[in-house]
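Me: I would like a close look at a single part of this model. Please take it residue by residue and keep it brisk.

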Amino acid sequence: MAIAREAEDNCRIPKPPADLAETAYLRNGYRAILRILVAEEALASETCTCLLDQFTWDQALDALPRFQTSDNPRLPFKVLDLYAQADALEAQVVEACAE
């Protein structure tokens with residue numbers, strides 16, 4: 001499933017489509033997972049260009065086992081922990097690109 005970009009910021013991960021997951025909690029978690037994946041790839045490839053086009057929502061879904069903290073299908077991860085991890089990785093990207 002392709003990622004629709006937001007007009008005001010071409011490289012910001014947009015809100016996930018409603019059909020991605022049943023609840024907003026899950027969709028927000030998958031958004032955070034995608035932020036993590038994009039930031040990790042930027043750091044690994046040492047690139048400062050937007051890599052969003054290289055990712056799909058399906059990749060966030062496929063990465064769930066890596067981030068899963070519970071067997072509860074309605075709460076498989078801790079969204080706030082995912083946000084914190086994504087924020088930290090994105091800060092590393094910004095810092096690396098500022099050099």
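The part in question is the loop that holds Thr 47, and the links around it.

Which helices does the loop with Thr 47 lie between? Is Thr 47 buried or exposed? Which disulfides does a search of the whole structure find, and what is the torsion about each S-S bond? Please add the aromatic pairs as well.

Reply: A caution to begin with: this is a predicted model. Every value below is computed from it.

Start with Thr 47. It sits in the loop between helix 1, residues 24-45, and helix 2, residues 57-62. Its relative accessibility is 19%. The cut-off for buried is under 20%, so Thr 47 counts as buried. The side chain of Thr 47 makes a polar contact with the side chain of Thr 49, at 2.9 Å. Set aside the neighbours within four places in sequence, and Thr 47 is in contact with Ala 42 and Cys 97.

Cys 97 leads to the disulfides. A disulfide is a covalent bond between the sulfur atoms of two cysteines. The whole structure holds two of them.

Take Cys 48 and Cys 97. A disulfide joins them, with an S to S distance of 2.1 Å. The torsion about their S-S bond is about -105°, so this disulfide is left-handed. Cys 48 belongs to the loop between helix 1 and helix 2, while Cys 97 belongs to helix 4; the pair therefore ties together parts 49 residues apart in sequence. Cys 48 has a relative accessible area of 53%, which makes it exposed. Cys 97 has 31% and is partly exposed.

Now Cys 11 and Cys 50. Their sulfur atoms lie 2.0 Å apart and form a disulfide. Here the torsion about the S-S bond is about 95°, so the disulfide is right-handed. Cys 11 comes from the segment before helix 1, and Cys 50 from the loop between helix 1 and helix 2; the bond thus ties together parts 39 residues apart in sequence. Cys 11 is partly exposed, at 35% relative accessible area. Cys 50, at 31% relative accessibility, is partly exposed too.

How are the bonded cysteines paired when they are numbered in sequence order? The pairing is 1-3, 2-4.

Next, the rings. A pair of aromatic rings is described by the distance of the centres and the angle of the planes. There are two aromatic pairs in the structure. Tyr 25 and Phe 77 are stacked, with 6.1 Å centre to centre and 20° between the planes. Tyr 25 lies in helix 1, and Phe 77 lies in the loop between helix 3 (64-67) and helix 4 (79-98), so the pair ties together parts 52 residues apart in sequence. Tyr 25 is partly exposed, at 31% relative accessible area. Phe 77 is buried, at 1%.

Tyr 30 and Phe 77 form an edge-to-face pair. Their centres are 5.6 Å apart, and the angle between the planes is 80°. This pair also links distant parts of the chain: Tyr 30 is in helix 1, Phe 77 is in the loop between helix 3 and helix 4, and 47 residues separate them. Tyr 30 and Phe 77 are both buried. Through these ring pairs, Tyr 25, Tyr 30 and Phe 77 are linked into a cluster.

Back to the loop between helix 1 and helix 2. Cys 48 ties it to helix 4. Cys 50 ties it to the segment before helix 1. Thr 47 is in that loop as well, and its contacts include Cys 97.

How values were computed:
Residues numbered from 1 in each chain as written. Predicted model: local features only at pLDDT ≥ 70, side-chain atom pairs only at ≥ 80, totals over all residues. Heavy atoms only, no water. Helix = DSSP H or I, 4+ residues; strand = E, 2+ residues; numbered from the N terminus. Buried < 20%, exposed > 50% of the residue type's maximum accessible area, 1.4 Å probe, protein only. Polar contact = N/O pair within 3.5 Å; in protein donor to acceptor, adjacent residues only side chain to side chain. Contact = heavy atoms within 4.5 Å. Phe/Tyr/Trp six-rings, centres within 6.5 Å; stacked < 30°, edge-to-face > 60°. Disulfide = S-S within 2.5 Å.
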